[in-house]
Amino acid sequence: WQAGSATLATAMLGGIVATLAVLALIAWLLIVAVRRLRTRLRGSARYGLANVSRRAGTSIAQVSALGLGLMALLLLTFVRTDLVERWQLALAEEAPNRFIINVQQDQVGGVAEVAAARGLAEPVLYPMVRGRLATHNGRIVSGEDYAVEGAADEESRRARRRADREFNLSTATALRDDNTVVAGEFWGPAGGDGVELSVEAGFAESLGWALGDRIAFDIAGRRIEGRVTSLREVDWESFRPNFFVLFSPGALDGYPASWITAVSVPQGDTAFTRALVQRYPN
C-alpha cells in the first residue's frame, strides 16, 4: 500500500523473509558450535554459553531480529546514497548551487558586481513581496473557506494553509524555459488590461482560481487586485527562483520588497560567498 506497487512490495517482503531465514540458519549453526565449545570452558563463560544453547529458540530470534535491524540500517544507507547520486545526475550541469535572499533594493547592483568580479554569469534578481490573500472575485476569503468537515482531504488542508499564510509575490517581464504557459496568455498588450496575474496551474486549481478571476492581495495594509490571465507549469527542480503568483511588470512598484536570486559557483569556490557576505552581512 505504501509503495503503490505489488511487485515492489512482494520483492521487499520476500527479501525480508529470505534474510530472516539466512540469519536464523547462521544463528542455529553458531548455537551448535557453542554447545561443543562450552565443554572446554570453565567458570562464567561456560554458564553463559550454556544459557545461550539451552534457550536456542530465544537466541535464534534475538540474533535474527538484530541482524534484520542492521540490514535495514545498511539498506537505508545504500538507498540514500543511490538516491542522492541519481538526483545529482539529473540536475543540469550549471544548476545554481548558491541561493541569495534578503537583497535590498540598493544592493541589487552590488550583488551583480560581486558575481562579475568572480567571473560568474550575471545573476537575475527577482523582487519578492509578501502579501496575504484578501478577496477572490470580490468576495473576502480565508482559510476557513477551504476547510473540509473532518479535515480528511489532504488537498483541502493544503489549500487552507495556502490561503491562511502570506504569499511570496513577484513580477517578471518574460518567462524562463522552466516555466510553460498551459492556459491563457502571458501578459497582454501593455496597459491594455490593468494588473495581470500569472499563476502556477496546480496552485490555482487547489484554491479554485480560473482564468479571468480577479484576485486581491493585502500588502502591508495596501490592497492590490489583478486578473488571472495565464496559468503556468513550473519545473521546481530547476533550482532557480520561481513563484506561484507573478504580477505583470510594474504592478508591484512601490511595494516593500526584498530580492532573491540563485547563481552557479564552481565546486570548491568559497571566495564568492565570503566576499558577498563581507560586503552585505544581511
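Ala220 sits in the loop that links E7 and E8 (helices, H or I of at least four residues, and strands, E of at least two, are DSSP runs numbered from the N terminus). The model is a predicted one, in which local features need pLDDT of at least 70 and side-chain atom pairs count only at pLDDT 80 or more, while totals for chains, interfaces and linings use all residues. Residues are numbered from 1 along each chain as its sequence is written, and side-chain values use heavy atoms, with hydrogens and water left out.

Back in that loop, Ala220 has a phi near 50°, a positive value in a residue other than glycine. Most residues other than glycine have a negative phi. At 63% relative accessibility, Ala220 counts as exposed (buried means under 20% relative accessible area, exposed over 50% and partly exposed in between, with a 1.4 Å probe and protein chains only). Asn102 is another non-glycine residue with a positive phi, about 65° in this case. Asn102 belongs to strand E1, residues 98–103, and its relative accessibility of 34% makes it partly exposed.

Turning to the interior, the largest nonpolar core holds 25 residues (a nonpolar core is a set of buried Ala, Val, Leu, Ile, Met, Phe, Trp, Tyr and Cys residues joined through side-chain atoms within 4.5 Å). Phe167, Leu169, Val199, Trp209, Phe217, Val245 and Phe247 have the most contacts inside this core. At least two core residues come from each of strand E2 (126–136), helix H5 (154–164), strand E4 (166–171), strand E6 (196–200), helix H6 (201–207), strand E7 (214–219), strand E8 (222–234) and strand E9 (245–247). Apart from this core lies another one, of 14 residues, including Ile100, Val108, Ala115 and Leu120. In soluble globular proteins, nonpolar side chains tend to be buried together.

What does Trp209 touch, not counting residues up to four places away in sequence? The list runs to Leu133, His136, Tyr146, Phe167, Val199, Phe203, Ala204, Ile215, Phe217 and Val245 (contact means heavy atoms within 4.5 Å).

Phe272, for its part, is found in helix H7 and is buried, at 1% relative accessibility. Leaving aside neighbours within four places in sequence, Phe272 is in contact with Ile100, Val114, Ala115, Arg118, Leu120, Val263 and Val265. The C-alpha atoms of Phe272 and Asp82 are separated by 30 Å, with their positions 190 residues apart along the chain.

Next come the helix pairs. Two packed helices are described by the angle between their axes and the distance between the axes. For H4 (residues 108–117) and H7 (residues 271–279), the axes come within 10 Å and cross at roughly 150° (axes are lines fitted to C-alpha atoms, for helices over the stretch in contact, and angles run from 0 to 180 degrees between N-to-C directions). H4 and H7 are therefore roughly antiparallel to each other (angles under 35 degrees count as roughly parallel, over 145 as roughly antiparallel, 65 to 115 as roughly perpendicular and the rest as oblique). Their crossing is right-handed (the near helix is turned clockwise from the far one by less than a right angle, and anticlockwise for left-handed). On the H4 side the contact uses Gly110, Val111, Glu113, Val114 and Ala115, and on the H7 side Phe272, Ala275, Leu276 and Arg279. By class, this contact of H4 with H7 has 6 nonpolar, 1 polar and 2 charged residues (Ala, Val, Leu, Ile, Met, Phe, Trp, Tyr, Cys and Pro count as nonpolar, Asp, Glu, Lys and Arg as charged, and the others, Gly among them, as polar).

Helix H1 (residues 6–37) and helix H2 (residues 44–54) have axes that come within 9 Å and cross at roughly 140°, so the two are oblique to each other. The crossing of H1 and H2 is left-handed. Ile31, Val34, Arg35 and Leu37 of H1 meet Leu49, Val52 and Ser53 of H2, a set that divides into 5 nonpolar, 1 polar and 1 charged.

H1 also pairs with helix H3 (residues 56–90): these axes come within 8 Å and cross at roughly 135°. H1 and H3 are therefore oblique, and the crossing is right-handed. The H1 residues in this contact include Met12, Ile16, Leu20, Trp28 and Arg35, and those of H3 include Ala56, Ile60, Gly67 and Leu75. By class, the contact of H1 with H3 has 14 nonpolar, 4 polar and 1 charged residues.
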